[in-house]
Structure formats: C-alpha cells, structure tokens
Amino acid sequence: MIARFLKRQEGAAAVEFALVAPLLILSVLSMADIGLAVHSLFRIDQSLRNGAEAAIRDPGRARVLSVLGEVGATEAGPVAEWSVDRRCECPGAGEVSCREPVTCAGGRPTSIVYDIGGTRLHEGILMPDRPLSRTVSVQVR
C-alpha cells in the first residue's frame, strides 16, 4: 500500500510550483526594484542636463537652481535635492575670486565653472531606501 502511494503523481506540479514560486517572485521584484532605481538615475541625469544647458549662458547660481526646481516639479516621485556651486579658476593656478575681474597668466580670462549635483531618495521594494546622486561640471568659458 505504501509503494502504491509513493508512485502517485497527483499534486506533483503543485509541489514543484510551491518550491519554485518564491524564487520566481523574488527575482521579478528584484528586477523591478533595480529598474526603478536606474529610472530614477536617468531622471536625475536629464534634470542635470537641463541645468547644464541653463548654466552655459552663465545666468547665475539662483537661475540654474530655479531651472532644476522647475524640472523636478514636473516629475512624479520623491523630490530631488539640488546643489549648484559657481566658481572661477585660472588654468594651472586653481580657483580665483569671481567678484572682481581677474585675468590669468598670459592675459587669458578666468574660466567660470558650475558644479551641479542632484540627489534623490530611492524607495526600494526589496532594496533598502538609499539616496541616488549624480554630479556634473560645466565650464562656461
């Protein structure tokens, strides 16, 4: 009687599915989580590109922040934190003051550089919540 019970095949598929289903669900959720994180990074990159386009015209730190805020306001999801730093530098001499007109060695004008950064909190499905950040530097002249 026991030998006859062990040869029965009814329910074998259900048992196999019960063993494989948690791994399948875990892998699908993991892929979705990674995909959402990459999508968030792409959104930050696009916003930084828009900020870099604004910075090329050298409108000042406040205007670049305003462009980043406008782009961030049109997107769904957690709001990004933006940072914009404007600095002047001479080639080979490093950072100089932007307040007064400074000419570098050889009569060359100073370079104006914007450092733009963005951070967005990724609220993961399986991954722990973590900040995702990107930075870009734009040399105006």
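Mentor: Let's agree on one term before we look around: a residue is buried when its relative accessible area is under 20%, exposed when it is over 50%, and partly exposed in between, using a 1.4 Å probe and protein chains only. This is a predicted model, in which local features need pLDDT of at least 70 and side-chain atom pairs count only at pLDDT 80 or more, while totals for chains, interfaces and linings use all residues. Residues are numbered from 1 along each chain as its sequence is written, and side-chain values use heavy atoms, leaving out hydrogens and water.

Trainee: Thanks! Which pattern does the protein chain follow, read along the sequence?

Mentor: Helices (H or I, at least four residues) and strands (E, at least two) are DSSP runs, numbered from the N terminus. The chain has three helices and four strands. Along the sequence, their pattern is α-α-α-β-β-β-β.

Trainee: What percentage of contacts between residues at least 6 apart in sequence join residues at least 24 apart?

Mentor: Here a contact means heavy atoms within 4.5 Å. Among contacts between residues at least 6 apart, the share joining residues at least 24 apart is 61%.

Trainee: Which element gives the largest share of the largest nonpolar core?

Mentor: Such a core is a set of buried Ala, Val, Leu, Ile, Met, Phe, Trp, Tyr and Cys residues joined through side-chain atoms within 4.5 Å. This one has 17 residues, and Val64, Leu68, Trp82, Val84, Tyr114 and Ile116 touch the most other members. Two or more residues each come from H2, helix H3 (61-73), strand E1 (81-90), strand E3 (111-122) and strand E4 (130-139). The largest share, six residues, is from H2.

Trainee: How many bridges join E3 to E4?

Mentor: Strands count as paired if DSSP finds at least two bridges between them. E3 is mostly covered, with 10 of its 12 residues buried, and it pairs with E1 in the antiparallel sense over nine bridges. On E4, Arg134 is the bridge partner of Gly118. E3 and E4 also run antiparallel, and the number of bridges joining them is 10.

Trainee: Which residue forms a salt bridge with Asp58?

Mentor: A salt bridge is a side-chain nitrogen of Lys or Arg within 4 Å of a carboxyl oxygen of Asp or Glu. Asp58 is partly exposed, with a relative accessible area of 26%, and has a positive phi near 50° although it is not a glycine. Its partner lies in strand E1 while Asp58 is in the loop between H2 and H3, so the pair ties together parts that are 28 residues apart in sequence. At 3.1 Å, N to O, the side chain meeting Asp58 is that of Arg86.

Trainee: Which residues are linked with Arg87 in a network of salt bridges?

Mentor: Arg87 is partly exposed at 21% relative accessibility, and its side chain meets Glu89 in a salt bridge of 2.4 Å, N to O. Arg87 also forms a salt bridge with Asp115, the closest N and O atoms being 2.8 Å apart. That second pair links Arg87 in strand E1 to Asp115 in strand E3, 28 residues apart. The network therefore joins Arg87, by the salt-bridge cut-off above, with Glu89 and Asp115.

Trainee: Asp33 has no salt bridge; how far away is the nearest side chain of opposite charge?

Mentor: Lys and Arg count as positive, Asp and Glu as negative, with His and the chain ends not counted. Asp33 lies in helix H2 (residues 12-56). It is buried, and the nearest side chain of opposite charge, Arg130, is away by 9.4 Å.

Trainee: Which residue has its backbone nitrogen 2.9 Å from a polar atom of the Asp33 side chain?

Mentor: A polar contact is a pair of N or O atoms within 3.5 Å; within protein, one must be able to donate a hydrogen and the other to accept it, and residues adjacent in sequence count only if both atoms are side-chain atoms. Not counting residues up to four places away in sequence, Asp33 touches His122, Gly124, Ile125, Leu126 and Met127. The nitrogen at 2.9 Å belongs to Leu126.

Trainee: And how far apart in space are Ser30 and Leu126?

Mentor: Ser30 also lies in helix H2, where its side chain reaches the backbone oxygen of Leu26 at 2.8 Å. Ser30 and Leu126 are 96 residues apart in sequence, yet their C-alpha to C-alpha distance is 6.5 Å.
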